[in-house]
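Me: I should like a close look at a single part of this protein, together with its surroundings. Please explain it in a way that a first-year student can follow.

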Amino acid sequence: MTAELSDALVSTWVTGWARTHGYEVQHEGKVHSVGLPGTDRAEWEYVLYAPSESDLRKVASAVSKSPQRLLTVIAEPGADVLDVSSVDGLELISDEEKLMVVDMDSQDVEDPITPETFTTQREDFDDWTLLTVRQGENVAARGRMAVADDFCILDRIYTAPDYRRQGLGTFVTRALLALAHEHDVSEGLLVATADGQELYEYLGWTLLGDVHVFGAPGSTDLRRHSHSLDVEQLNE
């Protein structure tokens, strides 16, 4: 049985996602904020679930003051989102991403077999793990995994253009989940792009929530607006 969408679950996802990015994370009530350590919050992102009007107005006011800030609202699938555009004139940047969940009991404990001609490299950092798939010297695919509470959070699962449609996205996802089984985790979380949702559904993931990203007027093209891709991937 998988978890239900709640503020506590969103807080857990934010914590794990921030770890894979090296971000500082702060939880102030139901306002979850992330950004690079040591910065003045000019480029921070604020994440809310089912926000009250007071929280929404407070955060929207902060976001409207900088084109580098983001407001992300995670909502039940298909649910109406409070009219953020009417609060400080924020603009919708993206509404295609989905928060997804998987029951870890349904996932393999053993590492998947590495495809022929490819090699894998695991690198463990303080709070997260990087898995890289190479063919020779070329990076073919990669992904990141962190653990928060009893959840594993997958992030930045990516296949290079020349290696797509060879099953590497499936391999990386399964390999990261196998690594997660080294920890006491019950479920997995990730944010999927529109292109990735079909793959994750095939692998047993289910839709948990819609992800809506807002920013200050005129700033749509200035910042990263994906929770699952690197900047260089967005520019491909």
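Reply: The part chosen here is His-212, which has its place in strand β12, residues 206-215. The model is a predicted one. Is His-212 buried or exposed? Its relative accessibility is 13%, and because a residue under 20% is classed as buried, His-212 counts as buried. Leaving out residues up to four places away in sequence, His-212 touches Leu-71, Thr-72, Val-73, Ala-75, Val-81, Ser-94 and Asp-95.

A second buried residue may be set beside this one. Thr-15 is found in helix α1, which covers residues 7-21. The relative accessibility of Thr-15 is 15%, so Thr-15 counts as buried. Apart from neighbours within four places in sequence, Thr-15 is in contact with His-27 and Ala-148.

The wider setting includes the nonpolar cores. The largest of them has 29 residues, and those with the most contacts inside it are Cys-152, Leu-154, Leu-176 and Trp-205. Two or more residues of this core come from each of β6 (98-103), β8 (128-135), β9 (138-148), β10 (151-159), α3 (168-180) and β11 (187-192). Helix α3 gives the most, with 8 residues. Another core, of 24 residues, lies apart from this one; Leu-5, Tyr-49, Val-191 and Leu-208 are among its members.

Within the largest core, Trp-205 shows what such contacts look like. Residues up to four places away in sequence not being counted, Trp-205 touches Met-100, Val-101, Val-102, Leu-154, Thr-173, Leu-177, Gly-188, Leu-189, Leu-190 and Tyr-200.

Helix α3 also merits attention. From its first C-alpha to its last, α3 reaches 18 Å with 13 residues, close to the 18 Å expected at 1.5 Å a residue. Helix α3 is mostly covered, as 12 of its 13 residues are buried; among them are Leu-168, Phe-171, Leu-176 and Ala-180. The buried residues of α3 pack against β7 (119-124), β8, β9, β10 and α4 (197-202).

Finally, confidence must be considered. The protein has an average pLDDT of 89, and 89% of the residues score at least 70. Confidence is highest in β8, at 98, and lowest in helix α5, residues 231-234, at a mean of 43. Over residues 231-236 pLDDT stays under 50, and the model has 11 contacts for them beyond four places in sequence. Where pLDDT is low, predicted coordinates should not be read in detail.

Notes. Residues numbered from 1 in each chain as written. Predicted model: local features only at pLDDT ≥ 70, side-chain atom pairs only at ≥ 80, totals over all residues. Heavy atoms only, no water. Core = buried A, V, L, I, M, F, W, Y, C linked by side-chain atoms within 4.5 Å. Buried < 20%, exposed > 50% of the residue type's maximum accessible area, 1.4 Å probe, protein only. Helix = DSSP H or I, 4+ residues; strand = E, 2+ residues; numbered from the N terminus. Contact = heavy atoms within 4.5 Å. Expected span 1.5 Å × (residues − 1). pLDDT = per-residue confidence, 0-100.
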